Amino acid sequence: MTHQLARYDLLITGGDVLDPAAGFDGKFDVAIAGGRIAAIEPSIDPARADRVIDASGQIVTPGLVDLHTHIYWGVTYWGIEADPVAARTGVTTWLDVGSAGAYTFPGFRRYIAEPNRVRTYCLLNLSSIGLVAPSWEFQNPNHWDVDLAEKIVNDNRDIILGIKARIDPNTTRGVGIAPLERARELADRVKLPLMIHFGDGSPTLDEILPFTRPGDILTHCFRGGDNAVAKAGEPVHPDIKRLHEAGLILDIGHGTGSFSYATTEAALADGFMPDVISSDIHQLAVQGPMFDLPVTLSKFLNLGMSLPDVIERATGRAAAAMNRPDLGTIKPGSVADVALFRIEEGDYTFYDIQMASRKGTKLLVNTLPEKERMIWANLPPQQEGKQRRPEEG
Ligand SMILES: [Zn+2]
(Lines give C-alpha, C1' and ligand atoms only; values in the text may rest on other atoms or scores of the structure.)
Protein backbone atom coordinates (compact mmCIF):
# COMPACT_ATOMS: atom_id res chain seq x y z
CA MET A 1 0.00 0.00 0.00
CA THR A 2 1.31 3.42 -0.90
CA HIS A 3 0.44 6.36 1.27
CA GLN A 4 -2.22 8.50 -0.47
CA LEU A 5 -1.56 12.22 -0.31
CA ALA A 6 -4.63 14.47 -0.19
CA ARG A 7 -5.88 15.55 -3.64
CA TYR A 8 -6.79 19.12 -4.47
CA ASP A 9 -9.38 20.48 -6.88
CA LEU A 10 -7.29 23.52 -7.69
CA LEU A 11 -3.81 24.83 -7.05
CA ILE A 12 -2.78 28.47 -7.41
CA THR A 13 0.99 28.48 -7.78
CA GLY A 14 3.78 31.01 -7.59
CA GLY A 15 1.79 34.06 -6.55
CA ASP A 16 2.56 36.62 -3.87
CA VAL A 17 0.03 35.67 -1.23
CA LEU A 18 -1.15 38.65 0.78
CA ASP A 19 -3.64 38.02 3.59
CA PRO A 20 -2.81 40.50 6.37
CA ALA A 21 -5.52 39.11 8.69
CA ALA A 22 -3.93 35.65 8.60
CA GLY A 23 -0.32 36.89 8.46
CA PHE A 24 0.55 35.67 4.93
CA ASP A 25 2.82 37.96 2.93
CA GLY A 26 5.14 36.14 0.50
CA LYS A 27 5.43 33.46 -2.19
CA PHE A 28 3.09 30.57 -1.44
CA ASP A 29 1.07 27.96 -3.29
CA VAL A 30 -2.62 27.88 -2.39
CA ALA A 31 -4.51 24.58 -2.58
CA ILE A 32 -8.29 24.39 -2.73
CA ALA A 33 -10.45 21.33 -2.07
CA GLY A 34 -14.19 21.04 -1.55
CA GLY A 35 -14.68 24.80 -1.77
CA ARG A 36 -12.27 25.48 1.12
CA ILE A 37 -8.65 26.56 1.38
CA ALA A 38 -6.90 23.24 2.04
CA ALA A 39 -3.29 24.40 2.36
CA ILE A 40 -1.00 27.41 1.94
CA GLU A 41 2.62 26.28 1.73
CA PRO A 42 5.86 27.46 0.09
CA SER A 43 5.62 24.64 -2.47
CA ILE A 44 2.87 22.15 -3.26
CA ASP A 45 3.29 19.42 -5.91
CA PRO A 46 1.06 20.36 -8.90
CA ALA A 47 0.53 16.64 -9.59
CA ARG A 48 -1.75 16.59 -6.57
CA ALA A 49 -4.25 19.02 -8.14
CA ASP A 50 -6.83 18.53 -10.90
CA ARG A 51 -6.26 22.07 -12.17
CA VAL A 52 -3.43 24.54 -11.76
CA ILE A 53 -3.45 28.34 -12.13
CA ASP A 54 -0.05 29.95 -12.61
CA ALA A 55 -0.21 33.15 -10.57
CA SER A 56 3.41 34.23 -11.01
CA GLY A 57 3.76 37.98 -11.06
CA GLN A 58 0.36 38.33 -9.43
CA ILE A 59 -0.92 39.07 -5.95
CA VAL A 60 -3.19 36.46 -4.38
CA THR A 61 -5.58 37.97 -1.84
CA PRO A 62 -8.82 37.06 -0.15
CA GLY A 63 -11.80 38.16 -2.26
CA LEU A 64 -12.23 41.84 -1.41
CA VAL A 65 -14.83 42.99 1.12
CA ASP A 66 -16.55 46.29 0.32
CA LEU A 67 -18.02 47.83 3.48
CA HIS A 68 -20.02 50.55 1.70
CA THR A 69 -22.09 49.68 -1.38
CA HIS A 70 -25.56 50.31 -2.86
CA ILE A 71 -26.88 47.29 -4.73
CA TYR A 72 -30.68 47.42 -4.48
CA TRP A 73 -31.07 47.81 -8.24
CA GLY A 74 -34.45 48.89 -9.61
CA VAL A 75 -35.97 49.86 -6.28
CA THR A 76 -33.58 52.58 -5.12
CA TYR A 77 -32.18 55.63 -6.83
CA TRP A 78 -28.59 54.56 -6.17
CA GLY A 79 -28.59 50.81 -6.73
CA ILE A 80 -26.35 48.95 -9.15
CA GLU A 81 -26.13 45.21 -9.78
CA ALA A 82 -23.27 43.64 -7.85
CA ASP A 83 -22.41 40.44 -9.74
CA PRO A 84 -21.15 42.00 -13.01
CA VAL A 85 -18.92 44.40 -11.05
CA ALA A 86 -17.65 41.58 -8.87
CA ALA A 87 -16.49 39.64 -11.91
CA ARG A 88 -14.10 42.40 -12.95
CA THR A 89 -13.02 43.73 -9.55
CA GLY A 90 -12.56 40.72 -7.26
CA VAL A 91 -15.01 42.14 -4.71
CA THR A 92 -16.77 39.04 -3.41
CA THR A 93 -18.43 40.34 -0.23
CA TRP A 94 -20.78 43.31 -0.49
CA LEU A 95 -22.30 45.23 2.40
CA ASP A 96 -25.21 47.31 1.17
CA VAL A 97 -25.55 50.22 3.56
CA GLY A 98 -29.07 51.51 4.04
CA SER A 99 -30.60 50.97 0.61
CA ALA A 100 -33.36 48.98 2.29
CA GLY A 101 -35.51 50.11 5.21
CA ALA A 102 -38.13 48.10 7.05
CA TYR A 103 -40.76 48.44 4.28
CA THR A 104 -38.42 47.46 1.46
CA PHE A 105 -36.15 44.91 3.15
CA PRO A 106 -38.24 41.85 2.18
CA GLY A 107 -37.61 42.70 -1.48
CA PHE A 108 -33.89 43.17 -0.83
CA ARG A 109 -33.78 39.72 0.71
CA ARG A 110 -35.73 37.93 -2.03
CA TYR A 111 -34.63 39.76 -5.17
CA ILE A 112 -31.05 40.82 -4.30
CA ALA A 113 -29.42 38.93 -1.42
CA GLU A 114 -30.76 35.46 -2.25
CA PRO A 115 -30.12 35.34 -6.02
CA ASN A 116 -26.80 37.24 -5.89
CA ARG A 117 -23.72 35.14 -6.48
CA VAL A 118 -21.64 37.54 -4.42
CA ARG A 119 -21.95 37.31 -0.66
CA THR A 120 -24.52 39.94 0.22
CA TYR A 121 -25.21 41.57 3.59
CA CYS A 122 -26.75 44.89 4.56
CA LEU A 123 -27.24 47.56 7.15
CA LEU A 124 -30.92 48.41 7.63
CA ASN A 125 -31.84 52.06 7.17
CA LEU A 126 -33.64 53.61 10.13
CA SER A 127 -35.95 55.16 7.52
CA SER A 128 -38.55 52.56 6.58
CA ILE A 129 -38.43 53.65 2.92
CA GLY A 130 -34.64 53.41 2.72
CA LEU A 131 -32.95 55.03 -0.27
CA VAL A 132 -35.83 54.90 -2.75
CA ALA A 133 -35.17 58.58 -3.53
CA PRO A 134 -31.85 60.44 -3.81
CA SER A 135 -32.32 61.98 -0.36
CA TRP A 136 -34.87 63.30 2.19
CA GLU A 137 -35.55 59.86 3.71
CA PHE A 138 -36.02 61.28 7.23
CA GLN A 139 -38.28 64.22 6.37
CA ASN A 140 -41.43 62.33 7.30
CA PRO A 141 -41.12 61.21 10.94
CA ASN A 142 -43.75 58.54 10.25
CA HIS A 143 -40.95 56.69 8.49
CA TRP A 144 -38.80 56.45 11.63
CA ASP A 145 -40.49 53.29 12.83
CA VAL A 146 -38.05 51.93 15.40
CA ASP A 147 -40.37 49.10 16.49
CA LEU A 148 -40.84 47.79 12.96
CA ALA A 149 -37.13 48.11 12.17
CA GLU A 150 -36.29 46.16 15.34
CA LYS A 151 -38.61 43.34 14.27
CA ILE A 152 -37.14 43.23 10.75
CA VAL A 153 -33.61 43.05 12.20
CA ASN A 154 -34.51 40.28 14.62
CA ASP A 155 -36.11 38.21 11.85
CA ASN A 156 -33.15 38.65 9.46
CA ARG A 157 -29.92 38.62 11.40
CA ASP A 158 -28.34 36.30 8.82
CA ILE A 159 -28.28 39.26 6.38
CA ILE A 160 -28.66 42.44 8.48
CA LEU A 161 -25.39 43.23 10.24
CA GLY A 162 -26.11 46.75 11.49
CA ILE A 163 -28.05 50.01 11.17
CA LYS A 164 -27.48 52.91 8.74
CA ALA A 165 -28.42 56.56 9.07
CA ARG A 166 -27.52 59.33 6.65
CA ILE A 167 -27.31 62.52 8.71
CA ASP A 168 -26.83 65.57 6.50
CA PRO A 169 -28.73 68.81 5.78
CA ASN A 170 -30.83 67.22 3.01
CA THR A 171 -31.81 63.98 4.70
CA THR A 172 -32.69 65.76 7.95
CA ARG A 173 -34.11 68.97 6.49
CA GLY A 174 -36.53 70.42 9.05
CA VAL A 175 -36.05 67.70 11.65
CA GLY A 176 -32.50 68.36 12.89
CA ILE A 177 -30.66 65.71 14.86
CA ALA A 178 -33.80 63.75 15.85
CA PRO A 179 -33.30 60.89 13.33
CA LEU A 180 -29.85 60.23 14.80
CA GLU A 181 -31.41 59.93 18.27
CA ARG A 182 -33.82 57.32 16.90
CA ALA A 183 -31.02 55.50 15.01
CA ARG A 184 -29.00 55.35 18.25
CA GLU A 185 -32.02 53.89 20.04
CA LEU A 186 -32.54 51.27 17.31
CA ALA A 187 -28.87 50.21 17.23
CA ASP A 188 -28.85 49.91 21.03
CA ARG A 189 -32.02 47.84 21.02
CA VAL A 190 -30.73 45.34 18.44
CA LYS A 191 -27.12 45.52 19.74
CA LEU A 192 -25.58 46.01 16.31
CA PRO A 193 -23.17 48.64 14.94
CA LEU A 194 -24.48 51.95 13.63
CA MET A 195 -22.97 53.39 10.46
CA ILE A 196 -23.36 57.16 10.29
CA HIS A 197 -22.94 59.19 7.11
CA PHE A 198 -22.24 62.90 7.55
CA GLY A 199 -22.16 65.81 5.12
CA ASP A 200 -21.59 69.54 4.90
CA GLY A 201 -23.18 72.10 7.22
CA SER A 202 -25.57 71.09 9.96
CA PRO A 203 -25.86 68.62 11.64
CA THR A 204 -22.16 69.20 12.18
CA LEU A 205 -19.62 66.53 13.04
CA ASP A 206 -19.49 68.00 16.56
CA GLU A 207 -23.24 67.40 16.90
CA ILE A 208 -22.98 63.87 15.47
CA LEU A 209 -19.94 62.43 17.27
CA PRO A 210 -21.52 62.24 20.76
CA PHE A 211 -23.96 59.64 19.34
CA THR A 212 -21.21 57.23 18.29
CA ARG A 213 -20.17 54.15 20.29
CA PRO A 214 -17.14 51.83 20.00
CA GLY A 215 -17.70 49.48 17.04
CA ASP A 216 -19.82 52.04 15.20
CA ILE A 217 -18.68 53.17 11.77
CA LEU A 218 -18.21 56.78 10.66
CA THR A 219 -18.37 56.61 6.88
CA HIS A 220 -17.15 59.28 4.43
CA CYS A 221 -14.43 59.88 7.05
CA PHE A 222 -12.03 61.69 4.68
CA ARG A 223 -14.59 63.87 2.91
CA GLY A 224 -13.80 67.54 2.37
CA GLY A 225 -15.96 70.55 3.23
CA ASP A 226 -16.61 72.34 6.49
CA ASN A 227 -16.93 69.14 8.55
CA ALA A 228 -13.62 67.64 7.33
CA VAL A 229 -11.79 65.69 10.05
CA ALA A 230 -8.50 67.34 9.03
CA LYS A 231 -7.68 70.53 7.16
CA ALA A 232 -4.58 70.90 4.98
CA GLY A 233 -1.47 71.17 7.13
CA GLU A 234 -3.37 70.53 10.35
CA PRO A 235 -3.67 67.46 12.57
CA VAL A 236 -6.78 65.29 12.75
CA HIS A 237 -9.70 66.58 14.89
CA PRO A 238 -8.87 65.61 18.52
CA ASP A 239 -12.34 64.17 19.15
CA ILE A 240 -11.93 61.88 16.13
CA LYS A 241 -8.60 60.67 17.48
CA ARG A 242 -10.05 60.08 20.94
CA LEU A 243 -13.12 58.21 19.65
CA HIS A 244 -11.02 56.21 17.19
CA GLU A 245 -8.76 55.18 20.05
CA ALA A 246 -11.87 53.98 21.88
CA GLY A 247 -13.04 51.86 18.91
CA LEU A 248 -14.93 54.07 16.45
CA ILE A 249 -14.26 52.69 12.95
CA LEU A 250 -13.36 55.20 10.24
CA ASP A 251 -14.47 54.18 6.75
CA ILE A 252 -13.71 55.95 3.46
CA GLY A 253 -16.97 55.52 1.44
CA HIS A 254 -15.57 57.37 -1.60
CA GLY A 255 -18.74 57.69 -3.72
CA THR A 256 -19.41 60.93 -5.56
CA GLY A 257 -19.29 63.19 -2.50
CA SER A 258 -16.82 61.92 -0.01
CA PHE A 259 -13.19 61.46 -0.95
CA SER A 260 -10.97 64.52 -0.64
CA TYR A 261 -7.26 64.44 -1.42
CA ALA A 262 -6.75 67.48 0.86
CA THR A 263 -8.36 65.75 3.86
CA THR A 264 -6.72 62.40 3.14
CA GLU A 265 -3.26 63.89 2.72
CA ALA A 266 -3.63 65.94 5.93
CA ALA A 267 -4.69 62.82 7.87
CA LEU A 268 -1.93 60.63 6.42
CA ALA A 269 0.65 63.37 7.16
CA ASP A 270 -0.57 63.22 10.78
CA GLY A 271 0.10 59.46 10.76
CA PHE A 272 -3.62 58.69 10.73
CA MET A 273 -4.90 55.99 8.36
CA PRO A 274 -8.55 55.01 7.79
CA ASP A 275 -9.63 51.66 9.26
CA VAL A 276 -11.51 50.58 6.16
CA ILE A 277 -11.27 51.63 2.50
CA SER A 278 -14.65 51.19 0.82
CA SER A 279 -16.08 52.37 -2.46
CA ASP A 280 -19.63 53.69 -1.82
CA ILE A 281 -20.25 52.32 -5.31
CA HIS A 282 -23.58 53.40 -6.80
CA GLN A 283 -25.16 54.42 -10.12
CA LEU A 284 -23.26 57.71 -10.23
CA ALA A 285 -19.97 56.77 -8.56
CA VAL A 286 -19.43 53.85 -10.93
CA GLN A 287 -19.04 56.38 -13.76
CA GLY A 288 -15.98 57.84 -12.01
CA PRO A 289 -13.87 59.29 -10.62
CA MET A 290 -14.46 56.52 -8.06
CA PHE A 291 -15.08 53.71 -10.62
CA ASP A 292 -14.67 50.73 -8.29
CA LEU A 293 -12.89 49.41 -5.20
CA PRO A 294 -9.54 48.47 -6.86
CA VAL A 295 -9.27 52.00 -8.31
CA THR A 296 -10.09 53.45 -4.87
CA LEU A 297 -7.42 51.25 -3.28
CA SER A 298 -4.97 52.40 -5.96
CA LYS A 299 -5.42 56.02 -4.84
CA PHE A 300 -4.23 55.11 -1.35
CA LEU A 301 -1.33 53.05 -2.73
CA ASN A 302 -0.20 56.06 -4.74
CA LEU A 303 -0.45 58.28 -1.63
CA GLY A 304 2.23 56.11 -0.06
CA MET A 305 0.30 53.53 1.96
CA SER A 306 1.85 50.06 1.69
CA LEU A 307 0.14 47.29 -0.28
CA PRO A 308 -0.45 45.19 2.89
CA ASP A 309 -1.95 48.22 4.69
CA VAL A 310 -4.26 48.88 1.75
CA ILE A 311 -5.35 45.26 1.18
CA GLU A 312 -5.99 44.73 4.90
CA ARG A 313 -8.45 47.64 4.82
CA ALA A 314 -10.52 45.96 2.10
CA THR A 315 -10.32 42.40 3.49
CA GLY A 316 -9.73 41.51 7.14
CA ARG A 317 -10.47 44.91 8.66
CA ALA A 318 -13.64 45.38 6.62
CA ALA A 319 -14.82 41.90 7.69
CA ALA A 320 -13.99 42.75 11.32
CA ALA A 321 -16.12 45.89 11.07
CA MET A 322 -19.00 43.60 10.03
CA ASN A 323 -18.22 41.33 13.00
CA ARG A 324 -17.54 38.55 10.48
CA PRO A 325 -13.88 37.55 11.01
CA ASP A 326 -14.57 34.37 8.99
CA LEU A 327 -14.66 36.56 5.85
CA GLY A 328 -11.86 38.52 4.21
CA THR A 329 -9.26 35.82 4.85
CA ILE A 330 -7.89 32.77 3.04
CA LYS A 331 -6.38 31.10 6.08
CA PRO A 332 -6.55 27.29 5.70
CA GLY A 333 -10.04 26.02 6.49
CA SER A 334 -11.81 29.16 5.32
CA VAL A 335 -14.07 29.40 2.27
CA ALA A 336 -12.07 29.37 -0.99
CA ASP A 337 -12.73 33.01 -1.73
CA VAL A 338 -9.67 34.14 -3.67
CA ALA A 339 -8.89 37.14 -5.87
CA LEU A 340 -5.86 37.71 -8.10
CA PHE A 341 -4.43 41.13 -8.85
CA ARG A 342 -1.55 42.65 -10.72
CA ILE A 343 -0.07 46.08 -10.10
CA GLU A 344 0.17 47.69 -13.53
CA GLU A 345 2.90 50.31 -13.67
CA GLY A 346 2.05 53.34 -15.78
CA ASP A 347 1.48 57.05 -15.79
CA TYR A 348 -2.00 57.52 -14.32
CA THR A 349 -4.05 60.50 -13.22
CA PHE A 350 -6.47 59.96 -10.35
CA TYR A 351 -9.17 62.38 -9.20
CA ASP A 352 -11.03 63.05 -5.96
CA ILE A 353 -14.69 64.06 -6.00
CA GLN A 354 -13.83 67.74 -6.52
CA MET A 355 -11.74 66.66 -9.53
CA ALA A 356 -8.50 67.58 -7.76
CA SER A 357 -5.94 65.36 -9.49
CA ARG A 358 -2.87 63.45 -8.42
CA LYS A 359 -0.41 61.56 -10.58
CA GLY A 360 0.28 57.95 -9.79
CA THR A 361 2.29 55.06 -11.18
CA LYS A 362 0.42 52.06 -9.77
CA LEU A 363 -2.97 50.65 -10.72
CA LEU A 364 -4.35 47.61 -8.94
CA VAL A 365 -6.03 45.46 -11.59
CA ASN A 366 -8.04 42.32 -10.97
CA THR A 367 -6.62 39.53 -13.15
CA LEU A 368 -8.70 36.54 -12.23
CA PRO A 369 -11.21 36.99 -15.05
CA GLU A 370 -8.45 36.43 -17.59
CA LYS A 371 -7.61 33.12 -16.04
CA GLU A 372 -10.49 31.43 -14.47
CA ARG A 373 -13.51 33.60 -13.81
CA MET A 374 -14.43 33.67 -10.19
CA ILE A 375 -13.10 30.65 -8.36
CA TRP A 376 -15.04 31.39 -5.24
CA ALA A 377 -18.58 31.44 -6.57
CA ASN A 378 -18.43 29.86 -10.01
CA LEU A 379 -19.62 33.07 -11.64
CA PRO A 380 -20.58 32.72 -15.29
CA PRO A 381 -18.74 34.78 -17.90
CA GLN A 382 -20.01 38.34 -17.83
CA GLN A 383 -20.59 40.68 -20.71
CA GLU A 384 -16.97 41.57 -21.37
CA GLY A 385 -16.92 45.37 -21.32
CA LYS A 386 -13.71 47.29 -20.90
CA GLN A 387 -12.02 47.32 -17.55
CA ARG A 388 -12.90 50.67 -16.07
CA ARG A 389 -9.83 52.59 -15.11
CA PRO A 390 -8.54 56.11 -14.65
CA GLU A 391 -7.31 57.77 -17.82
CA GLU A 392 -3.67 57.23 -18.67
CA GLY A 393 -1.24 60.05 -19.31
ZN1 LIG B 1 -23.39 55.47 0.46
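Helices here are DSSP runs of H or I with at least four residues, numbered from the N terminus. With that in hand, Arg313 is easy to place: it falls in the loop between α9 (307-312) and α10 (316-321). One thing to keep in mind throughout is that this is a predicted model.

**Arg313**

Is Arg313 buried or exposed? Its relative accessibility is 4%, under the 20% cut-off, so Arg313 counts as buried. The side chain has backbone oxygens to talk to, and the table lists two of these polar contacts alongside one from the start of α7.

| Side-chain atom from | Backbone atom | Distance |
|---|---|---|
| Arg313, polar atom | Pro274, oxygen | 2.5 Å |
| Arg313 | Asp309, oxygen | 2.8 Å |
| Ser260, oxygen | Ala262, nitrogen | within 3.2 Å |

Pro274 also turns up in the wider contact list. If you skip the neighbours within four places in sequence, Arg313 touches Met273, Pro274, Asp275, Val276 and Ile277, plus Met305 and Ala318.

**The zinc site**

Which protein atoms hold the zinc ion? The donors are NE2 of His68, NE2 of His70 and an OD atom of Asp280, sitting 2.0 to 2.4 Å from the metal. Along the chain they follow the spacing H-x1-H-x209-D. The site therefore ties together distant stretches of the chain: His70 is in the loop between β6 (64-69) and α1 (82-89), while Asp280 is in the loop between α7 (261-269) and α8 (293-302), 210 residues away. Both His70 and Asp280 are buried.

**Around α7**

Now for the helix that comes before the Asp280 loop. In α7, the buried residues are Tyr261, Thr263, Thr264, Ala266, Ala267 and Leu268. What do they pack against? Their partners are α8, β13 (338-351) and β14 (357-366). At the start of the helix, Ser260 offers a side-chain oxygen to the backbone nitrogen of Ala262, reaching to within 3.2 Å. Just after the helix, Gly271 takes a positive phi of about 75 degrees.

**Cavities**

Rolling a probe the size of a water molecule over the atoms shows where empty space is left. How many cavities of 30 Å³ or more does the structure hold? There are 3 of them. The second largest has about 50 Å³ of space. Its lining is made up of Pro62, Gly63, Arg119, Asp326, Leu327, Gly328, Thr329, Val335 and Asp337. Sorted by class, that lining is an even split, with 3 nonpolar, 3 polar and 3 charged residues.

Key. Residues are numbered from 1 along each chain as its sequence is written. This is a predicted model: local features need pLDDT of at least 70, side-chain atom pairs count only at pLDDT 80 or more; totals for chains, interfaces and linings use all residues. Side-chain values use heavy atoms; hydrogens and water are left out. Donors are N, O and S atoms within 2.8 Å of the metal (3.2 Å for Na, K and Ca); water is not among the atoms, so sites may look incomplete. Helices (H or I, at least four residues) and strands (E, at least two) are DSSP runs, numbered from the N terminus. Buried means under 20% relative accessible area, exposed over 50%, partly exposed in between (1.4 Å probe, protein chains only). A polar contact is a pair of N or O atoms within 3.5 Å; within protein, one must be able to donate a hydrogen and the other to accept it, and residues adjacent in sequence count only if both atoms are side-chain atoms. Contact means heavy atoms within 4.5 Å. On a 1 Å grid over the protein atoms alone, a cavity is a set of points where a 1.4 Å probe fits but cannot get out, and a pocket is an open set with protein on both sides within 12 Å along at least five of seven lines; lining residues have an atom within 4 Å of a point. Grid points are joined across faces, edges and corners, and a volume is the space filled by probe spheres set on the points. Ala, Val, Leu, Ile, Met, Phe, Trp, Tyr, Cys and Pro count as nonpolar, Asp, Glu, Lys and Arg as charged, and the others, Gly among them, as polar.
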